[in-house]
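I opened the model today to go through the chain contact and then a few local features. My notes follow in the order in which I looked things up.

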Amino acid sequence: MADHTVKAFDEDITRLRGLIAEMGGLAEVAIQDSLEAMIRGDEELGNRVVASDRRIDALESEVDKLAVRIIALRAPMADDLREVIAALKIAGVVERIGDYSKNIAKRVGMIEGRDRFEPLTLLPAMGELAGEMVHDVLTAYAARDPSLAREVISTDAKVDAFYNSIFRNLVSHMVENPATISSAAQLLFIARNLERIGDHATNVAEMVHFAATGSYPPEGDR
Amino acid sequence: MGSIKTIPVAGILLALLTSLALLGLDVDPIVTATVLLVWIGSLLIAAGRPPEVPQRKVEQSLSIDSMRGLIESASTPLLVTERNKIAIANRAARRMMGQHMIGQDARVAFRQPEAIALLGADRTGKAIVRGLVRRQDIWQINRQRVDQNIAVIELINRTAEADISRAHTDFVANASHELRTPLASILGYVETLSESGDSLDSPTSKKFLGTIEREAQRLQSLIGDLMSLSRVEAEKHDLPQQIVELRALVERAARDAAGPQRVEQLEFDIAADPNVRGDRQQLEQVVRNLVDNALKYGASDGTVTVGLDLTQDGQARIVVHDEGEGIAPEQIPHLTRRFYRTDPGRSRASGGTGLGLAIVKHIVERHRGRLDIDSHLGKGTRVAVRMPTADPIPAATTAPTTTDQATRTEATSRDNASIAS
C-alpha cells in the first residue's frame, strides 16, 4: 500500500492491522490450547483458555473504536476503506473463533473416563486442520495475499468431511456404548465447534480477498 | 550550507586593517602587499574545507542506514524495529516472512501472544513461539533494544531440536500406552473370572478366556515387533551378506501371512527370479507385513497382488497391491512412523500394532533399498520395495511387465553403472 500524505493515517492503519494480528495470534493459541486441554484432561489449561478470551474481546472493542475513529476522522476511500471495513468484520469473526475455543475449553471437565475413551483420538487431526486454516488465513491477511486466502477457502471442505466422519463415528460409538453417551455428546459439540471455526476462517479469507482485490472470491472456490 | 558563510569576512577585514597599519608605520609597500596576500589566501584556503560535522549527528546516521548493510547478508533472520514498526529486514528474514513485512506493525509479523508480550517490554529478552511461519515451527525470538525506539530482533529456528525430543517422548508415551491397553483388559477379565468363580456358565467363561488369549497374543506380537524394530535399528549400518533367492521367499512369506483362510485372495505376478544380498528373516518379515497390511486394510474380498520383477535399472522390486479404499495423500508421509495409524479404531480392532510399516522401512533401509507407497482413494494402495540385486542381470532382457513407476527418472548411464558394480 502506498504511503499517504497524512502520516497519521498510515500510523492508524498500521496499528489497526497490528491489533487484528494480535487478536488472531491469541485465537490461534486458544484453539491449540483448548484441544490440548481436552485431550490431556488438563482443566487448568482449559481455564486459562477461558481467561484469555477476555483479552480477545477487549482487543475487538479496541479495533471497533479505532476503525470508527479512522472512518470518522480520515474519511478513507477505495482500498483504504476496504482495509478498514475488512478489519472491522475480521475482528468480529476472530472474536467468534475465540468463543468457540472457549467453548471447547469449558467442556474439558465434562468428559469422563478419558483413559479408555477411544473417540478422543478422532478430534486432534480435525483440530489441527482447523487451526491450520486459521493460521493460514492470518498469514494471508498479513501478506494481503488473495491466492493463499482462496487456498484456505478450499480447505474448508476437508474440515467438513472430517466433521461428517467424526459425527458418524461418534454416533455409532454411542449406539455401542450407551454408558459413554454424555461424554461422546460433548465430543460432538467440540467437533461442531471446530467445524464452525473452519467456516469462520473461510469468512475471514473472503474478507482478506475482498480487502486485497476489491471483489469476493469466485463462488466455485467455496 | 550557504557559500556566504564560508568567506571569512572578519578575517579579511582584520588583514586589511593590519596592512593599513603597516603602511602607516612606513613598512615597505611590497612587503605589506605580500603579507596581505598570504594572509587572505590562507584564510580562503581554510574556509574552502568542509565544516566539521557535530559528533552526535554522525552516530545517528550510522545507526539505521549502516545497520541495513550490516545485517543484510547475515544468515540468521534479523529485523530492526523502530517504535515497534519493522524498519529493516535482512535477506534471510525477508525470505522467511515475505517482503510485505517491512513497514508493518511488528505484531503483524509476530502475532503469537508471547512474542507480543516481548515487543511491549522495554527491556531486552527472548521468547519461544510456535508457528511463526508454518504451524509446527518453533522459533526463538531474541530482542535487543538499541535505544528508546530502535530494537534488533533475531530469529532462531528451534524446530529440529524440538522435533527430536518430541519424537522421543512420543515414542515412549505411545509404546507404554500400547502395552498398557491389552494388559488392562487381561487384568479385568482375569479378575472377573477369579471372583465369580463357579457362578459363571461355561460359554461366558470361555468367551472371557478367548478375550484374554487374544489380548495376550496382541501383547506378544507387540513386544515381538518392538524387539525386531530395535534389532533392525541396531544393525542398521551393516549390510547383510547372505545371498537370498527372492522368488521362493516372497511366495512362501506371502502365503504364510495370508494363512489358510485368506490364501485364495492372493494373486502372484512373478516376472523375475532375482537374488539379493539380504537377511532372510528380515526380508520375510517385509513381505509378511506388507501382505498382512494389504489383506487387512484392502477390500474384504478383493484380491491382493504380490508381484516380483526387475526395474529398468536392474533392481529387484517387490510390489504388493490391494484394492482397498486407499490412503489419503496427507497420511502417506506419516505411514512409516511408529504407532501412526490412519484409522486407530480399525487398526486396533484388526490386531495391528502400528509398527508394521516402521519395521519394513528400517529393514529396507538396511538393505540399501527404497520403499514407495502410492495410493489413490477408492482405488487401492500399492507398496513397492526396490533393492539392488546380488547378481548382475542385463536389464534389457527382462522387461518389466507390470505398470512401471520406476521408469520416470532412471537413465541408461545408471543402468550400466549398477550392472558393472
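Entry 1, polar contacts. I took a polar contact to be a pair of N or O atoms within 3.5 Å, where, within protein, one must be able to donate a hydrogen and the other to accept it; residues adjacent in sequence count only if both atoms are side-chain atoms. The model is a predicted one. With that rule I found six residue pairs in polar contact across the interface of chain A and chain B, both residues of each pair being at pLDDT 80 or more. I then asked which elements of chain A give two or more residues to the side that touches chain B. They are helix H1 (7-40) and helix H4 (123-143) of chain A. H1(A) gives the most to that side, with 14 residues. I sorted the residues on this side of chain A by type and got seven nonpolar, nine polar and 10 charged.

Entry 2, salt bridges. I looked for salt bridges across the interface of chain A and chain B, and the rule finds three. One of them joins A:Glu28 to B:Arg111. I noted 2.8 Å between the closest N and O atoms of that pair.

Entry 3, extent of the contact. I counted the residues taking part: 26 from chain A and 21 from chain B. The area buried between the two chains came to about 2,100 Å², and carbon and sulfur atoms give 50% of it. Which three residues supply more than any other three of the area that chain A buries against chain B? I wrote down A:Thr14, A:Gln32 and A:His135, which together supply 23%.

Entry 4, chain A as a whole. I listed six helices and zero strands in chain A. The order from the N terminus is therefore α-α-α-α-α-α, given that helices and strands are numbered from that end. Chain A has 222 residues, and 51% of them count as buried. I also checked contacts in chain A between residues at least 6 apart in sequence; 84% of these join residues at least 24 apart.

Entry 5, a glycine in chain A. I found A:Gly109 in the loop between helix H3 (78-106) and H4 of chain A. A:Gly109 counts as partly exposed because its relative accessibility is 43%. I compared its position with that of A:Met38: the two are 71 residues apart in sequence, and their C-alpha atoms are 8.2 Å apart in space.

Entry 6, helix H10 of chain B. I traced H10(B), residues 246-262, and noted a kink of about 50 degrees at B:Asp256, shortly before the proline B:Pro260. The buried residues of H10(B) are B:Leu246, B:Leu249, B:Val250, B:Ala253, B:Ala254, B:Ala257, B:Ala258 and B:Gly259. What do these buried residues pack against? I recorded several elements of chain B, including strand E6 (243-245), strand E7 (266-270) and helix H11 (280-297).

Entry 7, positive phi in chain B. B:Asp26 is not a glycine, yet I read a positive phi of about 70 degrees there. B:Asp26 sits in the loop between helix H2 (9-24) and helix H3 (29-48) of chain B. Is B:Asp26 buried or exposed? I put B:Asp26 down as exposed because its relative accessible area is 71%. B:Asn84, also a residue other than glycine, has a positive phi near 60 degrees. I placed B:Asn84 in the loop between strand E1 (78-82) and strand E2 (85-89) of chain B. At 26% relative accessibility, I entered B:Asn84 as partly exposed.

Definitions and conventions:
Residues numbered from 1 in each chain as written. Chains lettered and ligands numbered in written order. Heavy atoms only, no water. Contact = heavy atoms within 4.5 Å. Buried area = accessible area lost by both parts, 1.4 Å probe. Salt bridge = Lys/Arg side-chain N within 4 Å of Asp/Glu carboxyl O. Nonpolar A, V, L, I, M, F, W, Y, C, P; charged D, E, K, R; others polar. Bend = angle between axes of the 7 residues up to and from the residue. Buried < 20%, exposed > 50% of the residue type's maximum accessible area, 1.4 Å probe, protein only.
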